[in-house]
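Reader: Could you walk me through the interior of this one, and take your time over it? I'd like a close look at the packing, plus any odd backbone spots and pockets that go with it.

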Amino acid sequence: MTVEISTPLTEEKVKDLKAGDKVLLSGVLYTSRDAAHKRMVEQLEKGGELPFDVKDSVIYYVGPSPAKEGEIIGSAGPTTSYRMDPYAPCLLDRGLKGMIGKGDRSKDVIESMIKNKAVYFAAVGGAAALLADKIKKVEVIAYDDLGTEAVRKMEVKDLPVVVVIDSEGNNLYETEKNKYKII
């Protein structure tokens, strides 16, 4: 079964998602990778504001390639999520409800997700061109000097993702790994 969800990603929507659910995500997402995450957290530590309202938002860990002529974005596949782990709990504490990337998350991030009722989605690595087709509008909103790692506001339609870690801490990677353990 596939679940269709639109942003904002409220706590009500998050609580119904379970590890293993296939999701078609539509609405506004924000992009950010480690350099932008570091800058955002430093800004907050200085008493500043984030470049977007993180409450009920989803951050896609992506650094899209440059757009070809006539296109709005280049390939847009997920990047490895653990590089954002030092910063994610701070953003989760401020209301972030969803993250999209690939790979495992740290114990601290998972505990923060449980505390803040958030979810971690995986997008398929290697399918960057397909994922880019789901992006309907994009604009750089902060840190333009970071190039592909700048913060972008994206509008997506039916972006295919899978719930890897749900708001209760259930982890699809662990569940699947345990299914195939050799005794």
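Author: Here's a tour of the inside, then the backbone oddities, then the pocket. Keep in mind that this is a predicted model.

Let's start with the nonpolar packing. The largest nonpolar core has 29 residues, and the ones touching the most other members are F52, L91, L92, L96, M99 and M113. Several elements chip in with two or more residues each: the helices α2 (34–45), α3 (88–93) and α4 (107–116), along with β5 (119–122) and β7 (151–165). L91 is a good place to zoom in. Leaving out residues up to four places away in sequence, L91 touches H37, M40, L44, L50, V54, I59 and L96. There's also a second core, separate from that one, with 24 residues, L25, V58, V119 and V161 among them.

Next, T79, which sits in the loop between β3 (58–60) and α3. Although it's in a loop, T79 counts as buried because its relative accessible area is 10%, under the 20% cut-off. Setting aside neighbours within four places in sequence, T79 has contacts with R33, Y61, V62, M84, G101 and K102. If you want a distance to check on screen, try T79 to Y143: their C-alpha atoms are 18 Å apart, with these positions 64 residues apart along the chain.

Y143 brings us to the backbone. Most non-glycine residues have a negative phi, and most peptide bonds are trans. Y143 has a positive phi of about 60 degrees without being a glycine. You'll find Y143 in the loop between β6 (135–142) and β7, and with a relative accessible area of 16% it is buried. D56 is another non-glycine residue with a positive phi, near 60 degrees. Its place is the loop between α2 and β3, and D56 is buried as well, at 15% relative accessibility. As for peptide bonds, the one joining T7 and P8 is cis, with omega about 5 degrees. P8 belongs to the loop between β1 (2–6) and α1 (11–15).

Last stop, the pocket. The largest one holds about 160 Å³ of space. Its lining comes from S65, P66, K68, E71, I72, I73, G74 and S75, plus A129, A132, D133 and I135. Sorted by class, that lining has six nonpolar residues, with three polar and three charged ones making up the rest.

Methods:
Residues are numbered from 1 along each chain as its sequence is written. This is a predicted model: local features need pLDDT of at least 70, side-chain atom pairs count only at pLDDT 80 or more; totals for chains, interfaces and linings use all residues. Side-chain values use heavy atoms; hydrogens and water are left out. On a 1 Å grid over the protein atoms alone, a cavity is a set of points where a 1.4 Å probe fits but cannot get out, and a pocket is an open set with protein on both sides within 12 Å along at least five of seven lines; lining residues have an atom within 4 Å of a point. Grid points are joined across faces, edges and corners, and a volume is the space filled by probe spheres set on the points. Ala, Val, Leu, Ile, Met, Phe, Trp, Tyr, Cys and Pro count as nonpolar, Asp, Glu, Lys and Arg as charged, and the others, Gly among them, as polar. A nonpolar core is a set of buried Ala, Val, Leu, Ile, Met, Phe, Trp, Tyr and Cys residues joined through side-chain atoms within 4.5 Å. Buried means under 20% relative accessible area, exposed over 50%, partly exposed in between (1.4 Å probe, protein chains only). Helices (H or I, at least four residues) and strands (E, at least two) are DSSP runs, numbered from the N terminus. Contact means heavy atoms within 4.5 Å.
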